[in-house]
Amino acid sequence: MSDKNIAKTPSAWNTVKTDRFLVGAPHYPEHVDESYWERDAERMAKAGFNVVRMAEFAWHILEPRLGTFDFDLFDRAIAMLGRYGIDTIMCTPTATPPRWLTVAHPEILRVDGKGRPMSHGSRQHCDTASPVFREHSRRITRAMAEHYRDNPHVVGWQTDNELNTSMPESYSKATLSEFQIFLAEKYGTTGKLNAAWGGDFWATAYDSFDQVVLPIEFGPTFPSPGHVQDYHRFLAFATARFQHDQVEILRATNPSWFVFHNLGGLRDIDFRGQFTKDLDFVGYDIYPMLYDEFQRIGNHAKVQALHLDICRGFSGNYIVPEQQSGFGSQPGFCTLTPEPGELRRMAMSSVAHGADGLMFFRWRPAHFGAEIYWMGIIDHDDVGRHRYDEAKQFATEMTALKDKILGTYVRMDVGIAGSDFDNQEAHKTYSIGLPSPQDDAVLLHQYCYDRGIACGFIHPEDDLSKLKLFYVPHWVMWQDEWTEKLQAFAEQGGTVVIGARTGTRDEHNHVIRQTAPGTSLSKLAGVRVEDFGRLAAPGANGLFEVMERSGGLVVPPNRPAESQRRTRRFKIGNQELTAGHFYENLSVDADTEIVAAWSNRYADGLPMATSRKVGKGHVVYLGTYLTPELTAALAERLFPTAGVQPLVDDLPAGVEVTMRMNDERKLLFIQNYTDQPAGLAAVPPGKNLLDDGKPVAGGLDLDGYGCAIIELEG
Ligand code: GAL
């Protein structure tokens, strides 16, 4: 892949450069009789929409037979909307290749880990690594790009649709041979490949690249972590390459178009790599009520904030190409239903966390297909009810405030190391039932969210200078350049907190040969890990419960609970707490202070957490994983010296607050995510942009689901 289209460096501080706050809806004119089209356009215009997104699942209409193109339906739909001042974002329709293509080329179908090819009949069934599929993807992209090159209403493009959300893996012949080529290019010789994957372990060495196998689910036991890591690196590479094919064509055809992708499931996509560098900005689809229950966070507003703060770590502000509007379902699952007021509140929260554009999924619901109960802005009976009114209110507000909002980034005082594809995957290759780095960090994120502390995710390669505290959850794959970044941050007064197991593996997933956490981190933190062990999760029925969940050992129902008895306790300040998941026994350098020590069993008195003064700041090392109690104890101890304070004091439960800012202004976004009124006692002076600029100082009352944007004085 060439670098010529790389637009910018991914950074959490980037803002989206568009001429307006994009607001509208994904729209499917092909799902409704043409007699509705004008009324739809008129109502969108009245709602203040300025854009729709179209055609991501319409390849069969655009190219009904190989090489025969028919753009008529979309030409007419685009023109009708254009007459009402609504522009169109087109999509490459490669998530749903037509049946004639899968009949002619069944070899492009994805194959699962048990060797079964996917069937035609839903979506994302084709293999983005397949050269044949790539050829057809380029063909349809070129035809669409050329057709729409001079259409004044087509302002930008979305590539494909939520790549990898349904199924990133493929074990097809095409994947296998492309994987072998990828490895040959990466390693050059099988000697290097065998060294990287540990070929002398269980006779997994290869004599030539065409002998290499895929790490299928169907082996008798586990494949090498190096092998699995490279497979996922390959999937991310192949996904980025598939998108790059399309981006190259779109940019060459009309350089004024913006190009983005709507991220969904976030699997096998290297967020800070080529995939994102190819785009003008990131798109992130958010369905808050889809995730709240199974993520066990307990509240969809918190899940929404978490997902958006993670997404912002990839490349800063983003647009939301799909935001949940109402009840949603596919045949096998469903979401909660937003209550009156919640659609606007959820949209406002998206902006508060970095959205510079937003589309409500979807304009009207389908009457057929696998999403008949995925509700839109207009109902099945063609009536716009409270969702229409709220979308209209939101669109009107965003259009009026665009000059204030666009160009501001989201403030972060507490940064959590995020957006690192290698570390995300390295954890999965050998999880031993431990929380992922992200799952560990959720506790810190939630702590900050509940107290109105500005928090988000950011990669250590990014600009850390605006942060006050930076937490590295157990990132096993560490690079020495990142230690230099942490050191520079601490020297300038920042507080760095490094979690257990950080830096313990190299880029091939080999355990390092130095004492953990490795030479550079050991020196920076002033600690060495002398021993480690696994602990049960807080509240878990022993260690085996989590091992079973992670697909590890199968134990008899009458499991011995020895691991429950072998808990580890520690003292921090005047509290004694129980540790969870993992422990490390540390030895410390003379200039390193002990912040917490183990307090039971043989480890009584050994250091558990340490702090070393580095320049004007501190480097803290934590020989365990976070628990809610430890997170609170650490925050109470570290936040005051780090200068971390809430954006508003005494934030009531059920209210969230973030700040968007730049050199010219500071905007405090406040959302009440409960249905009950809420009162804030201590809002800094400013004017409420959602209430005709009314002055606010001290108290602020919000209705249930009420929102405020306070432009602060000075
Ligand atoms: C998204 C997807 C949409 C639609 C929506 C509701 O993930 O991009 O096409 O399926 O979910 O299920």
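**Exercise 1.** In this predicted model, determine how many bridges join strand β25 to β26 and which residue is the bridge partner of K687.

*Solution.* Begin with strand β25, which covers residues 678-688 and runs antiparallel to β26, the two being joined by 7 bridges. Then look up K687, whose bridge partner in β26 is P695.

**Exercise 2.** Work out in which order the 6 strands form the open sheet, and which are the edge strands.

*Solution.* Reading across the open sheet, the order is β11-β23-β24-β27-β25-β26, with antiparallel pairing. Strands of a sheet pair through backbone hydrogen bonds, either parallel or antiparallel. The edge strands are β11 (409-410) and β26 (694-702), since each of these pairs on one side only.

**Exercise 3.** Describe which strands are touched by helices α12 and α13, and what angles describe the packing.

*Solution.* Take helix α12 (residues 342-352), which packs on the sheet and touches β11, β23, β24 and β27, its direction making about 150 degrees with that of β24. Helix α13 (residues 386-405) also packs on the sheet, where it touches β23, β24 and β27, and its direction makes about 35 degrees with that of β27.

**Exercise 4.** Assess how compact the protein is, using its radius of gyration and the globule rule.

*Solution.* The inventory for the protein is 20 helices and 27 strands. Its radius of gyration is 26 Å, close to the 27 Å that the globule rule gives for 714 residues, so the protein is as compact as a globular protein of that length. To complete the picture, 61% of the 714 residues count as buried, with under 20% relative accessible area as the cut-off.

Notes: Residues are numbered from 1 along each chain as its sequence is written. This is a predicted model: local features need pLDDT of at least 70, side-chain atom pairs count only at pLDDT 80 or more; totals for chains, interfaces and linings use all residues. Side-chain values use heavy atoms; hydrogens and water are left out. Two strands pair if DSSP finds at least two bridges between them. Helices (H or I, at least four residues) and strands (E, at least two) are DSSP runs, numbered from the N terminus. Contact means heavy atoms within 4.5 Å. Axes are lines fitted to C-alpha atoms, for helices over the stretch in contact, and angles run from 0 to 180 degrees between N-to-C directions. The radius of gyration is taken over C-alpha atoms; the globule rule is 2.2 Å times the number of residues to the power 0.38. Buried means under 20% relative accessible area, exposed over 50%, partly exposed in between (1.4 Å probe, protein chains only).
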